Amino acid sequence: MKPDLNAQDWPTVPVAQVYGRLTRVNGLLLEAIGCQLGTGDRCHIECRDGQLIEAEVVGFHKETLCLMPIEHTSGLMPGARVIPLAQRCQIPVGSGLLGRVIDGLGQPLDALGTLDNVSYIPLRHQINNPLLRKPIREPLDVGIRAINALLPIGRGQRLGLFAGSGVGKSVLLAMMTRFTEADVIVVGLIGERGREVREFIEEALGEEGRKRAVVIAAPADTTPLMRLRAMRLSHHIATAFRDQGKQVLLLVDSLTRYAQAQREIALSLGEPPATKGYPPSAFAQLPSLVEMAGNGQHPDGTLTAFYTVLTEGDDQQDPVADSARAILDGHIVLSRALAEKGHFPAIDIGASVSRLATHIASKETLAQGQRFRHLNSRFNEVKELLPLGGYQAGQDPEMDLAVQSAPNMAAFLRQDSELKADRTHSLEQLKLLAESLGYQAET
């Protein structure tokens with residue numbers, strides 16, 4: 001007679017695990033067969049020493065999957081096992097991120113232990129309904145006189161800081177970090193020098209600023225996919241705080257490095273270069289990224305974003321700069337000529353614009369700013385002639401006024417990096433300066 005067996009008495013049969021094989025390593029690109037994975041899915045690749053390297057599916061050709069590693073690879077062998085991961089990428093969000101420094105995977109880079117008081121959500125792109133976005137009407141005080149007075153910015157606006165290398169865009173970004181009124185600051189340091197991460201945390205944020213900030217760092221020595229992940233992660237974290245009703249400031253350094261990372265991946269997949277070595281997909285990704293920022297549906301939450309854009313060789317027609325200028329709500333151009341003269345912040349007022357100025361500032365402030373811009377432009381027409389004696393006073397009264405007022409206008413645009421100029425005081429100074437420039441209010 002056979003004994004009765006309960007369910008718990010049956011032997012445990014291990015579940016079969018399906019895995020593929022690595023067939024080719026071509027630069028940054030890995031190729032595998034035997035896996036049923038779609039684009040965006042993740043997998044682990046087993047190395048010679050048993051270490052597992054995470055990779056993501058970025059494309060396919062017939063039965064061959066194209067993978068991109070998230071971290072640097074070593075010890076890969078032909079036929080290495082490729083193990084699919086069932087769960088999609090999860091990212092941390094919540095107040096437990098404040099004061100922390102994490103990488104593109106959401107893992108802590110500081111020595112403060114694991115992340116507490118956070119929840120995990122899937123990393124996926126969501127398209128916002130444009131009709132449900134909160135309109136931008138509330139001014140934002142960034143603590144910089146030239147921007148507050150001449151380039152008014154609203155909460156929820158997205159602007160670019162356009163500059164070549166060594167012109168002071170990182171210093172200007174640090175000033176905004178310290179002076180801008182915000183509940184939460186999300187900083188994405190993407191593709192820049194590794195030493196700048198600690199400098200930004202200790203000098204730009206400081207002890208008090210770090211308590212309300214989240215820093216996502218993916219320096220230049222990380223893989224292109226890690227840089228893309230870090231950029232996306234910074235936007236998801238910022239939007240999560242915005243949807244909780246917080247006033248959020250997103251600072252990204254830099255948008256150009258993001259486009260370059262996308263270029264590396266696209267070229268590895270065989271996409272042909274189109275404009276100065278950039279394939280079309282590099283530009284297609286920029287609008288979807290920028291549109292994640294801005295205001296959402298929450299009546300109290302706002303998300304203001306600043307992106308640095310590196311103009312190689314100070315070329316304002318650089319393809320990434322030109323594309324960013326078209327999709328952002330304004331741009332602030334930094335001039336190398338001003339920086340070489342010791343004029344900081346080196347903002348070129350004539351080349352900069354805020355597309356929402358008419359919704360943020362009063363008509364009187366806009367008129368005062370126009371008077372300032374006009375005379376500043378007139379002075380720029382003859383400033384090269386002054387040392388040569390090529391300009392003779394007395395022929396054009398307006399030009400004479402521009403030349404005489406040039407020192408006062410330059411002093412108005414200059415600001416020490418440690419001094420904050422609040423919006424109210426900036427507008428008062430603009431009014432006094434505009435009156436000295438011949439501005440007369442309409443009666």
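Arg227 is buried, with a relative accessible area of 9%, and this residue makes a convenient place to start reading the structure, which is a predicted model. Arg227 is found in helix α4, which covers residues 224-242. Its side chain reaches the backbone oxygen of Thr222 at a distance of 3.1 Å. Leaving aside neighbours within four places in sequence, the residues in contact with Arg227 include Ile190, Gly191, Ala218, Pro219, Arg257, Ala261 and Glu264.

One of these contacts deserves a second look, since the side chains of Arg227 and Glu264 meet in a salt bridge, with N and O 3.2 Å apart. Because Arg227 lies in helix α4 and Glu264 in helix α5 (residues 255-268), the pair ties together parts that are 37 residues apart in sequence. The two partners are not equally covered: Arg227 counts as buried at 9% relative accessibility, whereas Glu264 is partly exposed, with a relative accessible area of 28%.

Side chains of opposite charge can pair when their charged atoms come close. A search of the whole structure finds 22 salt bridges, and two further examples can be followed here. In one of them, Arg100 pairs with Asp110, the closest N and O atoms being 2.9 Å apart. Arg100 lies in the loop between β7 (90-93) and β8 (101-102), while Asp110 lies in the loop between β8 and β9 (119-122), so this salt bridge ties together parts that are ten residues apart in sequence. Both Arg100 and Asp110 are buried.

The other example joins the side chains of Arg378 and Asp396, which meet in a salt bridge with an N to O distance of 2.7 Å. Since Arg378 lies in helix α10 and Asp396 in the loop between α10 and α11, the pair ties together parts that are 18 residues apart in sequence. Arg378 counts as buried at 14% relative accessibility, but Asp396 is partly exposed, with a relative accessible area of 27%. These two residues also belong to a wider arrangement, for Arg371, Arg378, Glu381, Asp396 and Glu398 are linked in a network of salt bridges.

From charged side chains the reader can turn to aromatic rings, of which the structure holds two pairs. Tyr278 and Phe283 form a tilted pair, with 5.7 Å from centre to centre and 50° between the planes. Tyr278 is buried, with a relative accessible area of 3%, and Phe283 is buried as well, at 19%, a value that falls within the buried class because that class takes in everything under 20% relative accessible area.

The rings of Phe372 and Phe412 have their centres 5.6 Å apart and their planes at 50°, so this pair too is tilted. Phe372 lies in helix α10 (residues 363-382) and Phe412 in helix α11 (residues 397-413), and the pair therefore ties together parts that are 40 residues apart in sequence. Phe372 is buried, with a relative accessible area of 1%, and Phe412 likewise counts as buried at 6% relative accessibility.

Finally, charged groups and rings also come together in this model. The charged end of Arg263 sits over the ring of Tyr278, 4.3 Å from its centre, and Tyr278 is the residue whose ring also pairs with that of Phe283. Elsewhere, the charged end of Arg325 sits over the ring of Phe162, 5.2 Å from the ring centre.

Technical notes. Residues numbered from 1 in each chain as written. Predicted model: local features only at pLDDT ≥ 70, side-chain atom pairs only at ≥ 80, totals over all residues. Heavy atoms only, no water. Phe/Tyr/Trp six-rings, centres within 6.5 Å; stacked < 30°, edge-to-face > 60°. Buried < 20%, exposed > 50% of the residue type's maximum accessible area, 1.4 Å probe, protein only. Helix = DSSP H or I, 4+ residues; strand = E, 2+ residues; numbered from the N terminus. Lys NZ or Arg CZ within 6 Å of the ring centre and 35° of its normal. Polar contact = N/O pair within 3.5 Å; in protein donor to acceptor, adjacent residues only side chain to side chain. Contact = heavy atoms within 4.5 Å. Salt bridge = Lys/Arg side-chain N within 4 Å of Asp/Glu carboxyl O.
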